[in-house]
Amino acid sequence: MNITLTVNGARHDLDVEPNRLLVDVLREVLGLTGTHIGCDTSQCGACTVLLDGSAIKACTLLAVQADGNAVQTIEGVAQGDQLHPMQVAFQEHHGLQCGFCTAGMIMTALDIVARHGTMLSESLIAHELEGNLCRCTGYRNIIAAIASGAKAMGERV
Amino acid sequence: MLSFIYSRPTSLEQAEELMLSSDDDALFLAGGHTLLPAMKQRLRAPDRLIDLSRIPGLTGISKENDKIAIGALTCHATVAFDAQVGLSCPALSHLAGQIGDMQVRNRGTLGGSLANNDPASDYPAAVLALDATIITNRRQIKADSFFQGMFTTALEPGEIITSVLFSIPDHAGYGRFAHPASRYALVGIFVAKFGTQVRVAITGASSGVFRWTEAECALSSHYHVDSVSGLRLPVDELNSDIHASAEYRAHLASVLLKQSVIQSLS
């Protein structure tokens, strides 16, 4: 089936089977492997991308369902060599260890800021992160990173 | 995931026609956050998926006199953040805001949840407690007649939920205890007071949502947490599984009933 996806601002006209998941099309057809597959059960959130600005699990969407929509992946977050404030915050606050969940955490964080603003409480972040699992960190540094990154987003010109 | 034919109708008539004319095993697709995970595990393998998401007029929230109308394809996040729902029935916002997780709430829909009628899903408790009317492309169905057992509803083949009309209560509260990984309700209790009438609906505890008539009587006499402090559900009608025993669910129900009443009065 012919579909059009706009991914990180670039338009792609693709012919995909209906049973192809969005995450597989992003990773294997478009080569955007920053988005990860961490489970089989739609729980872990490592596959989180933004679909028309909203965080969704790309493993639980058929590519054909996203026909005509805009997708942002982790590859579309930095501006060239310049890291996004949310990415800088994850560096500064040691918000990752193995890094497998991190792209999903950052994409979710961007949706949290879009909907809740730049001054985020720990409890709000923890609630909104229920769909993103991490096996390494115990979440404290991730939550701190998101709070810090959100604040930095509010302060940038 | 096994392969299938994918259809994307742009009208209800087209969707109904596709379903009724299919010789093969066809299923409607809304948010897909129950169906697609099942298909990935090959627990379901329809020959055809009919995607309802591009049919206009099935989303949106409006207040009509003493009722809130929510379009069947409205996602949980939209309900959770809607100002009208927040003012008229904050318990409904609260319920929607706890379904699954944030990403699930950005795709999952009211209609999909109701049509599927998972015994651990949240919306059936609200629909039953708020005496809602389910409006389909063919008729209107009252909540008391809609839920017919595990994964079973009154919907007929080709029948599509278009919107749900919730009655606005004087007070309402929703207490739930979530499984930490799946985030499904082990038990969820929705309490709603309309004048002297009280409705109490429980999800997660049994093979489907049901009304706790003993609790309703107690609260109708005196709407206060003290009226329900001794109440306990009979254990033999409740689920026992790897997540919780029937006894534990009965215990949770007693606790959550009190929490819902307290919440409704706050």
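Modeller: A residue counts as buried when its relative accessible area is under 20% and as exposed when that area is over 50%. Please keep in mind throughout that this is a predicted model.

Colleague: With that cut-off in hand, how many of the five residues of strand β5 of chain B are buried?

Modeller: Strand β5 of chain B, residues 67-71, has four of its five residues buried, and the strand is accordingly described as mostly covered.

Colleague: Which strands do bridges join to β5(B), and do they run parallel or antiparallel?

Modeller: Two strands pair if at least two bridges are found between them. Strand β4 of chain B, residues 61-64, is joined to β5(B) by four bridges, while strand β8 of chain B, residues 161-167, is joined to β5(B) by five. The pairing with β4(B) is antiparallel, and the pairing with β8(B) is antiparallel too. To follow the register residue by residue, start from Ile61(B), whose bridge partner in β5(B) is Ile70(B), and then move to Gly71(B), which stands opposite Ser163(B) in β8(B). The hairpin of β4(B) and β5(B) has two residues between the strands, and within this hairpin Asn65(B) takes a positive phi near 55°.

Colleague: Elsewhere in chain B, in what order do the four strands of the open sheet stand?

Modeller: The order is β9-β10-β11-β12, with antiparallel pairing. Strands β9 (171-178) and β12 (210-211) of chain B stand at the edges and have a single partner strand each, so one side of each is left without a neighbour in the sheet. At the β12(B) edge, the partner is strand β11 of chain B, residues 197-203, which pairs with β12(B) over two bridges, and there Ile202(B) has Phe210(B) as its bridge partner.

Colleague: Turning to single residues, is Ser7(B) buried or exposed, and which residues does it touch?

Modeller: Ser7(B) belongs to strand β1 of chain B, residues 5-7, and because its relative accessible area is 9%, it is classed as buried. Leaving aside residues up to four places away in sequence, Ser7(B) touches Leu18(B), Arg48(B), Leu49(B), Ile50(B) and Asp51(B). Of these, Arg48(B) is worth a second look: it lies 41 residues from Ser7(B) in sequence, yet the C-alpha atoms are 7.4 Å apart, and a polar contact of 2.7 Å joins the two side chains.

Colleague: Where is Ala63(A) found, and is it buried or exposed?

Modeller: Ala63(A) sits in the loop between β4 (54-57) and β5 (70-72) of chain A, and its relative accessible area of 0% is why it is called buried. With the same exclusion of residues up to four places away in sequence, the residues touched by Ala63(A) include Ile3(A), Leu5(A), Val16(A) and Val25(A). Asp24(A) is 39 residues from Ala63(A) in sequence and 8.4 Å from it in space, C-alpha to C-alpha.

Colleague: Finally, how many residues line the second largest pocket, and which lie nearest its centre?

Modeller: This pocket holds about 510 Å³ of space and is lined by 23 residues, with Ser53(B), Leu73(B), Cys75(B), Asn106(B) and Arg107(B) nearest its centre. Its lining comprises ten nonpolar, nine polar and four charged residues. For the largest cavity, the space is about 30 Å³, and the lining has six nonpolar, five polar and no charged residues, among them Phe100(A), Cys134(A) and Cys136(A).

Key
Residues numbered from 1 in each chain as written. Chains lettered and ligands numbered in written order. Predicted model: local features only at pLDDT ≥ 70, side-chain atom pairs only at ≥ 80, totals over all residues. Heavy atoms only, no water. 1 Å grid on protein atoms, 1.4 Å probe; cavity = no way out; pocket = protein on both sides within 12 Å on 5 of 7 lines; lining within 4 Å. Points joined across faces, edges and corners; volume = space filled by probe spheres on them. Nonpolar A, V, L, I, M, F, W, Y, C, P; charged D, E, K, R; others polar. Buried < 20%, exposed > 50% of the residue type's maximum accessible area, 1.4 Å probe, protein only. Contact = heavy atoms within 4.5 Å. Polar contact = N/O pair within 3.5 Å; in protein donor to acceptor, adjacent residues only side chain to side chain.
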